[in-house]
Amino acid sequence: MTPPRDPHHEKETPMRGSKGFIGIVIGLAAGLAFGAGGVVVKPLLESGWSPGAAVFARISVAAIALIVPGLIALKFDLRPLWHARWTVLAYALIAVVGTQVAFYASIARIPVSTTLLIEYLAPVALVLVAWARQRRAPQLVVIAGSVLAIAGLYLVIGPGGDGLDVVGLLLAGVAMVGVCVYYVLGERADASVPPIALAASGFVVGAIVLGALGIIGVVPFSAEFVEVQYFGTVAPWWVPVLTVGLVSTAFAYVAGISAIRMLGTRLSSFLGLSEVIFAAIVAWFVLGEAIGPLQAAGGLLILGGIVLVRFERPRDAAAVALDIDLVPVAVDARE
């Protein structure tokens, strides 16, 4: 007898075929936008902006840009957001504010390459958590893809071993957890909340909370409203702020959520590793930081890892359902 079809399960099962291809393209576009963000923000940090101020500026710009499109996507009905309020809150505080602030604070203490290496262990962390929860080993292609991707990540980043401290490493670990939550919540969010509405609400809540923390002095805020180096020229401070807010935040998060819903948590998290490749390419063209042979080889290994994970096949309906809930995030989109 054929079991009854479960609409909830069908909604969460990763899409295949042409939609899967579109999801990969959107995921790579998000990786490019995220990857370029570091190059855009770096001149602000070097001119005297604190990590908290830089994050507040970028998510505030993104919030302003997405409020109206988000309301239109919701048809001006805020009830779905209220039903998904815990998801929105977790997304804003952990996936948006927590990840960005922890990343910027970490690179102030340890080399950027080391922070990136720890942060982008997120796909492997998701595989390990799913393995522990399901008590079933991942498929061989997933294990092989994980090994290839992490080896490639190491070659692309080339982390140094000097100047490390415990606080910096812990902050990088916090950023990694934030990335994991970003992928999990992106897939688990109520389907009645469109990606652009989830991103917009997350930015609005995140900007309000971070702004309040800055006012009371919990998060240090400092900014220098001066001209900065920008893509080989000099520009006012607000040019990189608008760029990182519109492209590397608003567009990147909306595209990322869309890819997650099309592809599922696992594949989209490995696609996220493309951010490191794109960051290296953008730094090469903009900052003149040449890509060496090891970095090029690392990029190929990352791509190979993504391809292997793409070939994963669900063992059965139960395995697919378990794979969706990768970490114990206490949210209920329908409360």
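These are my notebook entries on a predicted model, taken in the order in which I looked things up.

**Entry 1: the whole chain**

I began with the overall make-up, and I found 15 helices and two strands in the chain. Of its 335 residues, 50% count as buried. I then looked at how contacts are spread along the sequence: among those with a separation of 6 or more, 89% are between residues 24 or more positions apart.

**Entry 2: the nonpolar cores**

I next looked up the nonpolar cores, and the largest has 76 residues, with Ile 59, Tyr 91, Leu 153, Tyr 182, Phe 203 and Tyr 253 having the most contacts inside it. Helix H11, which covers residues 238-263, gives the most to this core, namely eleven residues. I also noted a second core, separate from that one, which consists of seven residues and includes Trp 49, Ala 57, Val 61 and Val 241.

I picked Tyr 91 for a closer look and, leaving aside neighbours within four places in sequence, I listed its contacts as Val 96, Tyr 182, Leu 185, Leu 198, Ala 199, Gly 202, Tyr 253 and Ile 257. Two of the partners on that list, Tyr 182 and Tyr 253, are also named among the residues with the most contacts inside the largest core.

**Entry 3: helix H8**

I turned to helix H8, residues 140-157, whose 18 residues reach 26 Å from the first C-alpha to the last, close to the 26 Å expected at 1.5 Å a residue. Which residues of H8 are buried? I noted Val 142, Gly 145, Ser 146, Ala 149, Gly 152, Leu 153, Val 156 and Ile 157. Seen down the axis of H8, these buried residues fall within an arc of 145°, so they line one face of the helix. On the face turned away from the buried side of H8, I found the exposed residues Leu 140 and Val 147.

I then followed Ile 157, which lies in H8 and is buried, with a relative accessible area of 13%. Its C-alpha is 9.0 Å from that of Ile 277, although the two residues are 120 residues apart in sequence.

**Entry 4: H3 against H5**

I looked up how helix H3 (residues 51-73) and helix H5 (residues 85-107) pack, and I recorded an angle of about 145° with the axes 9 Å apart. The crossing in which H3 passes H5 is right-handed. On the H3 side I listed Pro 51, Ala 54, Val 55, Arg 58 and Ile 59, which meet Val 96, Val 97, Gln 100, Val 101, Tyr 104 and Ala 105 in H5.

**Entry 5: two single residues**

Is Ile 196, in helix H10 (residues 195-215), buried or partly exposed? I entered Ile 196 as partly exposed, because its relative accessibility is 23% and buried means under 20%. Setting aside neighbours within four places in sequence, Ile 196 is in contact with Leu 66, Pro 69, Gly 70, Ala 73 and Val 254. For one of these partners, Ala 73, I also noted the C-alpha separation from Ile 196, which is 7.3 Å for residues 123 apart along the chain.

My last residue was Ser 258, which has its place in helix H11 and counts as buried at 17% relative accessibility. Not counting residues up to four places away in sequence, I found that Ser 258 touches Ile 26 and Pro 195.

Note on methods:
Residues numbered from 1 in each chain as written. Predicted model: local features only at pLDDT ≥ 70, side-chain atom pairs only at ≥ 80, totals over all residues. Heavy atoms only, no water. Helix = DSSP H or I, 4+ residues; strand = E, 2+ residues; numbered from the N terminus. Expected span 1.5 Å × (residues − 1). Buried < 20%, exposed > 50% of the residue type's maximum accessible area, 1.4 Å probe, protein only. Arc of directions from axis to C-beta. Core = buried A, V, L, I, M, F, W, Y, C linked by side-chain atoms within 4.5 Å. Contact = heavy atoms within 4.5 Å. Axes fitted to C-alpha atoms, helices over the stretch in contact; angles between N-to-C directions. Left-handed = near helix turned anticlockwise from the far one by under 90°.
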